[in-house]
Amino acid sequence: MTRTVTCRKYKQELPGLDRPPYPGPKGEDIFNNVSRQAWEDWQKHQTMLINERRLNMMNADDRKFLQAEMDKFFSGEAYAQADGYVPPSA
């Protein structure tokens with residue numbers, strides 16, 4: 001049976017992650033409050049930010065930036081976009 005969570009991003013009951021994506025309290029929070037779909041959407045957005053902004057994951061400031069943007073992404077706040085990105089029309 002699939003585990004479900006009330007997703008913080010999408011505000012509905014959706015399938016959850018199989019395990020916490022990070023160790024510690026942050027990972028537990030995501031595990032308990034973020035759906036699999038929201039996590040997958042964040043992973044795609046994170047990859048786009050890393051590539052377009054040429055972020056270096058060895059740089060602590062770049063990691064802090066991504067962490068802050070992830071928190072905004074899941075909480076529904078305005079979050080950073082890649083420069084010039086236009087989402088595909090449905």
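In this predicted model, helix α3 buries D62, L66, E69, M70, F73 and F74. Viewed down the axis of α3, these buried residues fall within an arc of 130°, so they line one face of the helix. That buried set packs against α1 and α2. From here, the briefing moves through the rest of α3, then the aromatic residues, the salt bridges and N33.

**Helix α3 from end to end**

- Helix α3 covers residues 60-75.
- How far apart should the ends of α3 be, at 1.5 Å a residue? The 16 residues should span 22 Å, and the end C-alpha atoms are 23 Å apart, which agrees.
- On the face turned away from the buried side, α3 carries the exposed residues D61 and K64.
- At the start of the helix, a side-chain oxygen of N59 comes to within 2.7 Å of the backbone nitrogen of D61.
- At the other end, α3 is followed by G76, which has a positive phi, near 90°.

**Aromatic residues**

- A search of the whole structure turns up six aromatic pairs.
- One of them joins Y22 and W39 in an edge-to-face arrangement, with 6.0 Å from centre to centre and 85° between the planes. This pair links distant parts of the chain, since Y22 sits in the loop between β2 and α1 while W39 belongs to helix α2, 17 residues apart.
- The two partners differ in burial class: Y22 is partly exposed at a relative accessible area of 29%, whereas W39 is buried at 12%.
- W39 also pairs with F74: their ring centres are 6.1 Å apart and their planes meet at 20°, so this pair is stacked. Because W39 lies in helix α2 and F74 in helix α3, the pair ties together parts that are 35 residues apart in sequence.
- F74, one of the buried residues of α3, has a relative accessible area of 2%.
- Here is the wider picture: Y22, W39, W42, F73, F74 and Y79 form one aromatic cluster. Two of its members, F73 and F74, also appear in the buried set of α3.

**Salt bridges**

- How many salt bridges does a search of the whole structure find? There are four, among them the three described below.
- *D29 with R8.* The closest N and O atoms of this salt bridge are 2.7 Å apart. D29 lies in helix α1 (residues 24-33) and R8 in the loop between β1 (4-6) and β2 (13-15), so the pair ties together parts that are 21 residues apart in sequence. Both ends are partly exposed, D29 with a relative accessible area of 27% and R8 at 28%.
- *R36 with D18.* These side chains meet in a salt bridge at 3.3 Å, N to O. R36 lies in helix α2 (residues 36-52) and D18 in the loop between β2 and α1, so this pair connects parts that are 18 residues apart in sequence. R36 is partly exposed, with a relative accessible area of 28%, while D18 is exposed, at 65%.
- *D71 with K26.* The side chains of D71 and K26 form a salt bridge at 2.6 Å, N to O. Distant parts of the chain are linked here too: D71 is in helix α3 and K26 in helix α1, 45 residues apart. D71 counts as partly exposed at 33% relative accessibility, and K26 is partly exposed with a relative accessible area of 29%.

**N33 and its surroundings**

- N33 is found in helix α1. Is N33 buried, exposed or partly exposed? With a relative accessible area of 27%, N33 is partly exposed.
- The side chain of N33 makes a polar contact with the side chain of D29 at 2.8 Å. D29 is also the salt-bridge partner of R8.
- Leaving aside its neighbours within four places in sequence, N33 is in contact with T6, C7 and R8. R8 thus turns up on both counts, as a contact of N33 and in the salt bridge with D29.
- N33 and E13 are 20 residues apart along the chain, and their C-alpha atoms are separated by 9.9 Å.

Key: Residues numbered from 1 in each chain as written. Predicted model: local features only at pLDDT ≥ 70, side-chain atom pairs only at ≥ 80, totals over all residues. Heavy atoms only, no water. Helix = DSSP H or I, 4+ residues; strand = E, 2+ residues; numbered from the N terminus. Buried < 20%, exposed > 50% of the residue type's maximum accessible area, 1.4 Å probe, protein only. Expected span 1.5 Å × (residues − 1). Arc of directions from axis to C-beta. Contact = heavy atoms within 4.5 Å. Polar contact = N/O pair within 3.5 Å; in protein donor to acceptor, adjacent residues only side chain to side chain. Phe/Tyr/Trp six-rings, centres within 6.5 Å; stacked < 30°, edge-to-face > 60°.
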